[in-house]
Amino acid sequence: MTEQVKVAIVYYSATGSVYALAKAAAEAAEKEGAEVRLVKAKELAPAEAIASNEGWAAHAAETQSVPEATTDDLDWADVVLIGSPTRFGLPAAQIKQFIDQAGPLWGQGKLVDKVASSFTSTGTAHGGQETTITAINNTFYHWGAIIVAPGYADPIQFQAGNPYGASHISNNGATPPGEVELASVAFQARRAVQVAGRLKRGA
């Protein structure tokens, strides 16, 4: 019997858009037969800043029970999916700090051949979706990971329109991910699990 594929979904979300995408990815991976850890990057913003934004404060309270990501999650996983909002066309500092902690694993070669993919949400159209995804993917190149992008490998991608990874425009937190965005990230997660499964089987 083929060993179960293990998936770590590491995300950061301030007002919930990336969290919604991460949950959809987790559900899709589980339906594909994977064991999933859905974990959040540690919050770096001061409590006063969070409290000053109603949506941010509400989301922080809503997700208190979600475990914080550790590098053990990376070591454990066959598949690593990273989700981040955009900060000036780059991933959020919370995700960057988490990635920076992976140096010891990288030094031991423990991140080589992980299947990896990334997704994002921006407040506005053309807000840096593709640059954020490709910036995260730069890390995967250094790890020696196998990047599995969604491409246009499923009809949903012709509606979603982003071959680099699932993405969403939140209108500054006012609009949650819709049916197309959730279906896109679900496909991306399934594809990553399927590729990892073939690697495990030696196919």
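1. Helices here are DSSP runs of H or I with at least four residues, and strands are runs of E with at least two, both numbered from the N terminus. Under that convention Asn172 lies in the loop between strand 7 and helix 9, and the place of Asn171 is in the loop between strand 7 and helix 9 as well. The model discussed in these points is a predicted one, and its backbone angles and distances should be read as properties of that prediction.

2. The backbone of this loop deserves a look at two positions. Asn171 has a phi near 50°, which is a positive value in a residue other than glycine, and for Asn172, again a residue other than glycine, phi is positive and near 55°. As to exposure, Asn171 has a relative accessible area of 46% and is therefore partly exposed, while Asn172, with a relative accessible area of 65%, is exposed.

3. Asn171 also appears in the surroundings of Thr122, a residue found in strand 5. Thr122 counts as buried because its relative accessibility is 3%, the cut-off for that class being under 20%. When neighbours within four places in sequence are left aside, the contacts of Thr122 are with Thr86, Gly127, Gly128, Gln129, His168, Ile169, Ser170 and Asn171.

4. What does the side chain of Thr122 reach at 2.9 Å? The partner at that distance is the backbone oxygen of Thr124. A polar contact of 3.1 Å also joins the side chain of Thr122 to the side chain of Gln129.

5. Gln129 comes up again in the second largest pocket, where His126, Gln129, Asn162, Ser167 and Ile169 lie nearest the centre among the 14 residues of the lining. This pocket holds about 220 Å³ of space, and helix 7 (129–143), strand 7 (167–169) and helix 9 (179–201) each supply at least two residues of its lining. By class, that lining divides into 4 nonpolar, 8 polar and 2 charged residues.

6. The largest pocket contains about 260 Å³ of space, and its lining is made up of 17 residues, with Ala14, Thr15, Pro85, Arg87 and Ser170 lying nearest the centre. At least two lining residues come from each of helix 1 (17–31), strand 3 and strand 5 (115–122), and strand 3 gives the largest share, namely 3 residues. The class count for this lining is 4 nonpolar, 12 polar and 1 charged.

7. Which residues of helix 5 (93–100) are buried? They are Gln94, Ile95, Phe98 and Ile99. Viewed down the axis of helix 5, these buried residues fall within an arc of 135°, so they line one face of the helix. The spacing fits a general property: an α-helix has 3.6 residues a turn, so residues three or four places apart point the same way.

8. The cover over the buried residues of helix 5 includes strand 1 (6–11), helix 4 (71–76), strand 3 (79–87), strand 4 (90–91) and helix 7. Strand 3 and helix 7 thus recur, since strand 3 supplies lining to the largest pocket and helix 7 supplies lining to the second largest pocket.

9. Lys96 is another residue found in helix 5, and its relative accessible area of 42% makes Lys96 partly exposed. For a longer-range check on the predicted fold, the C-alpha atoms of Lys96 and Pro163 are separated by 23 Å, the two residues being 67 residues apart along the chain.

Terms used:
Residues numbered from 1 in each chain as written. Predicted model: local features only at pLDDT ≥ 70, side-chain atom pairs only at ≥ 80, totals over all residues. Heavy atoms only, no water. Buried < 20%, exposed > 50% of the residue type's maximum accessible area, 1.4 Å probe, protein only. Arc of directions from axis to C-beta. Contact = heavy atoms within 4.5 Å. 1 Å grid on protein atoms, 1.4 Å probe; cavity = no way out; pocket = protein on both sides within 12 Å on 5 of 7 lines; lining within 4 Å. Points joined across faces, edges and corners; volume = space filled by probe spheres on them. Nonpolar A, V, L, I, M, F, W, Y, C, P; charged D, E, K, R; others polar. Polar contact = N/O pair within 3.5 Å; in protein donor to acceptor, adjacent residues only side chain to side chain.
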